[in-house]
Amino acid sequence: MIKEGTEVVCVNDAFAPQSIEAIPNRPIKNKVYVVREIRYYDHLDKAGVLLQEIRNPESVRSLLGGMFEPSFSITRFAPLEDLLSEITLENVEEMCV
C-alpha cells in the first residue's frame with residue numbers, strides 16, 4: 001500500500017506531450033522515490049502523489065481557483081518493498097549471468 005513516506009519505484013514514465021510541456025520535472029522509470037503527499041481527486045476517482053525528490057512550480061488550477069503543484073498518478077509507481085519481495089534467488093542468479 002502506498003502512503004506518505006513509502007519508498008516507491010517509477011514503473012511508467014511515458015507522459016503525453018502536453019504533460020511534458022507543462023511539468024518540467026518528472027519521475028524516471030526504475031528510479032526510487034519517497035512519497036511526500038497523496039492527493040485524492042474524488043471527482044476523477046483517482047489519486048496522485050507528490051515526491052520528496054521532485055518539486056514543480058504551482059501550475060494547476062483547482063476547482064476553487066487556487067494554484068497547486070501537479071501530482072503524478074499513483075498508478076505510475078509500485079512500492080519498493082513489494083518489488084523487492086518479488087525478487088527470488090532465481091531472479092538474482094539470472095541477473096548475474
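Select Val35 and Leu51 to begin: in this predicted model, Val35 of strand β2 stands opposite Leu51 in β3. Extend the selection to residues 46-51, which form β3, and six bridges to β2 appear, with the two strands running antiparallel.

Next, follow the turn that joins these strands. The hairpin of β2 and β3 has four residues between the strands. Asp45 belongs to that loop and, although it is not a glycine, has a positive phi of about 55°. With a relative accessibility of 72%, Asp45 counts as exposed.

Now display the other neighbour of β2. Strand β1 covers residues 7-10 and pairs with β2, residues 32-41, in the antiparallel sense through three bridges. Two positions are useful to label here: Val8, whose bridge partner in β2 is Tyr33, and Val9, which stands opposite Val32.

With these pairs in place, show the whole sheet. It is open, has five strands, and follows the order β6-β3-β2-β1-β7 with antiparallel pairing. Colour β6 and β7 separately, as they are the edge strands, each pairing on one side only.

Turn next to the side chains of the largest nonpolar core, which has 14 residues. Which of its members touch the most others? They are Val8, Tyr33, Val35, Val49, Leu51, Phe72 and Phe77. The elements that contribute two or more residues to this core are β1, β2 and β3.

Centre the view on Phe77. Apart from its neighbours within four places in sequence, Phe77 is in contact with Ile2, Val8, Val9, Cys10, Val11, Pro27, Tyr33, Val49, Leu51 and Phe72.

Step back to Arg76, in the loop between β6 (72-73) and β7 (77-79). What surrounds Arg76, once residues up to four places away in sequence are set aside? Arg76 touches Val9, Cys10, Val11, Asn12, Asp13, Ala14 and Phe15. Arg76 is buried yet has no salt bridge. Asp13 carries the nearest side chain of opposite charge, and the separation is 6.5 Å, whereas a salt bridge requires a nitrogen within 4 Å of a carboxyl oxygen.

How many salt bridges does the structure hold? There are two. Select Arg36 and Glu69 for one of them, in which the closest N and O atoms are 2.7 Å apart. Arg36 lies in β2 and Glu69 in the loop between β5 (67-68) and β6, so this pair ties together parts that are 33 residues apart in sequence. Arg36 is buried at 16% relative accessibility, and Glu69 is buried at 10%.

Then select Arg39 and Glu37, whose side chains meet in a salt bridge with an N to O distance of 3.1 Å. Are these two residues buried, partly exposed or exposed? Arg39 counts as buried because its relative accessibility is 17%, under the 20% limit. Glu37, by contrast, is partly exposed at 29%.

For the final stop, select Asn30 in the loop between α1 (17-22) and β2. Asn30 is not a glycine, yet its phi is positive, at about 75°. Its relative accessibility of 60% places Asn30 among the exposed residues.

Notes
Residues are numbered from 1 along each chain as its sequence is written. This is a predicted model: local features need pLDDT of at least 70, side-chain atom pairs count only at pLDDT 80 or more; totals for chains, interfaces and linings use all residues. Side-chain values use heavy atoms; hydrogens and water are left out. Two strands pair if DSSP finds at least two bridges between them. A nonpolar core is a set of buried Ala, Val, Leu, Ile, Met, Phe, Trp, Tyr and Cys residues joined through side-chain atoms within 4.5 Å. Buried means under 20% relative accessible area, exposed over 50%, partly exposed in between (1.4 Å probe, protein chains only). Contact means heavy atoms within 4.5 Å. Lys and Arg count as positive and Asp and Glu as negative; His and the chain ends are not counted.
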